[in-house]
Amino acid sequence: MMKKPRPNFTAIAMSLFAFFYVACAQEKPPVPVRSWDLNVNADYATRMAKQLRIITLRSPTIIFLDNKKIAVTYEGGRGASPSNGTILVPGTFARKKAESLLYKFHALIFEVNTGPGIAKHLEWDAIREQAQLMPTHDGGFAVRVDNQFMVYSSDSQLQKKMTLNYHGDKPLATGEEVFEESYTGGISNSGHSLIVCHVLRGRHSGGGTQVSWYDTTTLTPIGGASEIARAAGCALYFKVADDNTVYSGSYRVDPKNLVWKKINPRCIACPPDASENPCSALRYLRPDIFSFLGKMMRLWMKMDTRITCLPTHQICE
Amino acid sequence: MFTHAPDMRVDGIHPAADTSRVVYSDGQSKDEPGHRQSLRIHVVDWREKRKIAVLKVIQDASPVVHDGGLQLQQLGVMDVTYALSPDGKELAVLDMNSLKVYDLP
């Protein structure tokens, strides 16, 4: 006669304990292991005082240069640009060719273990908004201020610098006046390539976006520059993939094919009633590095969508 | 599978450079008692579809600035910025002038 197996109560108890332990651990808010007051830096303290008393400024940024090194960037000085969250400030939303007052772009760089008390403090004079600090994924970083690009080593020493030309106030090829001109930078995931995006356009027509690829260590150009396309831009979703392909909005270009191409919307998430425009950016399932962002958005925002991959939906090309 | 609160946005998504972890915020601050506002910061692993941590930042309401006969005020919390380390194991949060680093599981 077969003996009925006894339940393994020890295993069951351990499973329940593990389940509740994991559940509790996930719900428990994390506790900071290190905490600092950035006002130990006199410049940051000045900026903080201005933020509280005079006008709201653009928020600082935090960037991990590697797993143990942090850079905090912020703007300071008399002409520091206001935050986009500030209401009723003239010029905040107008991307104009006119230049703001001179301000300082600051970076505090320090080890997570030691804190900002012994930080390396760098600063650059800047005119136009949106200066950038970009990690090169080896502990070093690149900085773009206006039309200047600088590469720094992991010990924050300047390695290379280049200054690109502005078109300036000369009329465009169409005879139109320049409405917007700006440079933006991006670093590839490998850290080997710096991508420079130049936007030059008039208010109504002409001009557009052009990107160029540079070797990060030497700042020498890699290949040619892309065509100038009006459709892309540098501000929203300007990213660089592992193969140096540049994504800008719904367009992409790679160094081997210098023509901007619309990301093929072969798979479009159409709403069931199809009343909305299926070409909106959020409804693409892009076959690229951003696909997970779109999936997450749909997941969390409970967008009731169905995915279709029919050729007839390639209406956005 | 997990879902985000239906009345909140997903904003300010920053992926960790070397892992599938991302950090984002609700994007819209919520009123708290005592004339304060809060913002939640979430860390998730999108590949494993797992919540890693949720952090709530609370600030006093921003000061009202008077300029040119107008009253200006920052909408929402001020100067909250965050980043994940490349390995996704540490989260840095800068709340005004207070910088905190959290170890993540």
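This section describes strand pairing in chains A and B, together with the setting of one lysine in chain A, in a predicted model.

In chain A, an open sheet is built from four strands, arranged in the order 2-3-4-5 with antiparallel pairing. The edges are occupied by strand 2 (61-66) and strand 5 (120-126) of chain A; each has a single partner strand, so one side of each is left without a neighbour in the sheet. On average, and with direction ignored, neighbouring strands of this sheet are turned by 25° against each other. The edge strand 5 of chain A is joined to strand 4 (residues 103-111) of chain A by seven bridges, and these two strands run antiparallel. Within this pairing, Ala107(A) has Leu122(A), in strand 5 of chain A, as its bridge partner.

An antiparallel pair is also found in chain B, where strand 4 (residues 36-45) and strand 5 (residues 50-60) are connected by 10 bridges. Leu39(B) is matched in this pair by its bridge partner Val57(B), which belongs to strand 5 of chain B. Strands 4 and 5 of chain B form a hairpin with four residues between the strands, in which Lys49(B) adopts a positive phi near 50°.

Returning to chain A, Lys239(A) is located in strand 13 (residues 239-240). Lys239(A) is classed as partly exposed because 16 C-beta neighbours lie inside 10 Å, a count between the limits of 12 or fewer for exposed residues and 20 or more for buried residues. Between Lys239(A) and Asp43(A), the separation is 196 residues in sequence and 31 Å in space, C-alpha to C-alpha.

Methods:
Residues numbered from 1 in each chain as written. Chains lettered and ligands numbered in written order. Predicted model: local features only at pLDDT ≥ 70, side-chain atom pairs only at ≥ 80, totals over all residues. Pairing = 2+ DSSP bridges. Axes fitted to C-alpha atoms, helices over the stretch in contact; angles between N-to-C directions.
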